[in-house]
Amino acid sequence: MMDFKLPSLGADMDEGTLLTWQVKPGDTVKRGQVVAVVDTSKAAVDVEIWQDGVVAELLVQPGEKVPVGTVLARLLAPGEEAAAPAPAAGPVTAAAALPQPVTSPVPEAASTTVAARHPVSPAARRRAKQLGLDPDTMRGSGPQGAVTLADIEAAAAGRVAPAPAASAPDRQQVMRQAIAAAMSRSKREIPHYYLSDTLPMAAALAWLQQRNEGVAITERMLPAVLLLHAVAVALRRAPQLNGFYRDGAFQPATAVHAGVAISLRGGGLVAPAIHDVGAKPLEQLMHELADLVRRARAGSLRSSEMSDPTLTVTNLGDQSVEAVFGVIYPPQVALVGFGRLAVRPWVQDGKVRALPLLTATLAADHRASDGHQGALFLAELRELLQQPQALADNIAPAATPEGNNP
Amino acid sequence: MTNDRPALAATVLDILRSIAPEVEPGTLDPTRPLRHQVDLDSMDWLNFLVALHERLGVNIPEADYARLVTLDKLLDYLLERRVSRG
């Protein structure tokens with residue numbers, strides 16, 4: 001008999017509320033399969049199971065809030081005898097709603113009953129609070145079920161008396177508190193050092209422009225993808241920046257699962273992983289990034305995306321600052337920041353030119369690495385981006401993905 | 001499909017709100033830069049253009065991005081492209 005526990009979903013998530021089970025006793029499950037949906041302040045997370053087996057007993061009911069590590073269910077190991085009349089292995093015919101079993105480490109999201117949060121406009125949220133309504137339980141009339149001011153007013157008008165204010169704490173507030181706890185812990189425990197470097201980007205941008213001219217708009221690639229891949233390749237020279245610091249020691253990771261910092265509309269931040277960034281062609285990375293951003297903002301992520309990042313990359317480039325010096329997300333040991341891409345003066349061949357430049361920064365854990373390793377990493381990053389075609393071709397086969405097995 | 005400017009504006013706004021649901025209709029200044037008024041990063045912008053392409057059949061090359069700064073300029077551009085397609 002094996003315990004299936006609620007896995008860690010990141011340093012800033014201590015607990016979750018079970019929304020739905022995707023399996024029932026007697027179902028056969030495979031490693032990587034989504035078995036439950038758990039609500040956290042950031043997302044409705046599809047929780048994947050890390051063992052093959054047969055579900056024996058579900059211990060937590062929908063609606064229950066439980067801390068990370070709680071045993072959610074018990075399973076029979078493959079081949080173990082079942083006491084109850086349930087099949088131990090082989091095709092399960094009764095499970096009509098069971099998603100297709102998958103074997104890849106990052107399977108397709110097949111769940112059908114995810115309680116995705118619908119976007120809520122700030123005006124609607126303010127009004128809802130005034131009226132004591134919970135907009136997060138509503139589906140609105142806006143695009144993608146977005147809840148608008150009109151929807152709130154209509155809901156209020158349909159009531160005899162306003163409902164008492166929801167007893168569940170405001171989601172934004174909970175998320176804010178969770179981020180506060182994680183970031184405070186990071187600054188208390190991790191001795192950060194910071195490095196920055198200016199990356200000439202003319203070659204990379206020219207390469208991207210030429211590539212994008214020849215393809216359909218749906219295949220257009222953003223600079224962020226090239227930057228992510230460059231980070232993964234550069235980490236091969238500085239493995240002390242990729243992994244986890246736990247129990248007083250640094251544990252290097254074999255693959256690079258880059259947590260991508262994504263701001264949530266209406267406030268908040270989540271940094272789910274794209275797995276094996278160094279092992280995938282750029283086109284695939286672009287599709288995965290676009291999909292990840294969409295799902296992060298829709299509040300629908302997988303538990304392996306929450307727990308697996310081996311470092312985090314933050315790209316505030318587009319609109320805003322020149323450089324970002326971030327706070328490392330424990331138990332990771334590094335955070336790479338990319339600032340705004342802008343044309344600035346630069347000396348090339350003894351002359352001052354106006355060239356596109358970008359400031360890259362590294363925040364790193366001094367327990368795991370020294371400034372020298374950090375500097376080697378940034379230097380390598382800069383060099384890789386001067387040869388974008390070679391970078392695009394530089395794809396190393398994936399190692400077995402690391403997972404935060406509970 | 002229509003070349004009527006108000007109808008086109010309504011469609012564009014609809015598409016924008018599918019990317020940025022917090023935008024309230026009637027609150028955007030069509031003469032000020034769009035990306036100063038709506039929080040759109042490069043991914044959002046690309047998704048916006050892909051959706052315009054899907055809904056309106058207009059492909060916008062990267063070289064033309066600089067012409068689309070305000071809502072008015074975007075509408076001008078779209079109308080121009082659609083008329084020239086006949």
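Two strands pair if DSSP finds at least two bridges between them. With that in mind, open the predicted model and begin with the sheet.

**The sheet of chain A**

Select strands β7, β2, β4, β5 and β16 of chain A. In that order, these 5 strands form an open sheet of mixed pairing. Its edges are β7 (65-67) and β16 (300-302) of chain A, each of which pairs on one side only. Rotate the view along the sheet: neighbouring strands are turned by 40° against each other on average, direction ignored.

**From β2 to β4**

Next, restrict the selection to β2 (residues 15-21) and β4 (residues 34-39) of chain A. This pair is antiparallel and is joined over 4 bridges. Which residue of β4(A) is the bridge partner of A:Thr20? Display A:Val37, for this is the partner in question.

**Helix α3**

Now select residues 171-189 of chain A, which make up helix α3. At 1.5 Å a residue, its 19 residues should span 27 Å, and the end C-alpha atoms are indeed 27 Å apart, so expectation and model agree.

Show the side chains of A:Arg171, A:Met175, A:Ala178, A:Ile179, A:Ala182 and A:Ser186, the buried residues of α3(A). Looking down the helix axis, one finds these buried residues within an arc of 95°; they therefore line one face of the helix. The spacing has a general basis: an α-helix has 3.6 residues a turn, so residues three or four places apart point the same way.

Turn to the other side of α3(A), where A:Gln177 and A:Arg188 are exposed.

Finally, add the surroundings of the buried residues of α3(A): they pack against β4, β9 (192-200) and β14 (269-270) of chain A. Strand β4, already seen within the sheet, thus reappears in the view.

Note on methods:
Residues are numbered from 1 along each chain as its sequence is written. Chains are lettered from A and ligands numbered from 1 in the order in which they are written. This is a predicted model: local features need pLDDT of at least 70, side-chain atom pairs count only at pLDDT 80 or more; totals for chains, interfaces and linings use all residues. Side-chain values use heavy atoms; hydrogens and water are left out. Helices (H or I, at least four residues) and strands (E, at least two) are DSSP runs, numbered from the N terminus. Axes are lines fitted to C-alpha atoms, for helices over the stretch in contact, and angles run from 0 to 180 degrees between N-to-C directions. The expected span of a helix is 1.5 Å times one less than its number of residues. Buried means under 20% relative accessible area, exposed over 50%, partly exposed in between (1.4 Å probe, protein chains only). The arc is that of the directions from the helix axis to the C-beta atoms. Contact means heavy atoms within 4.5 Å.
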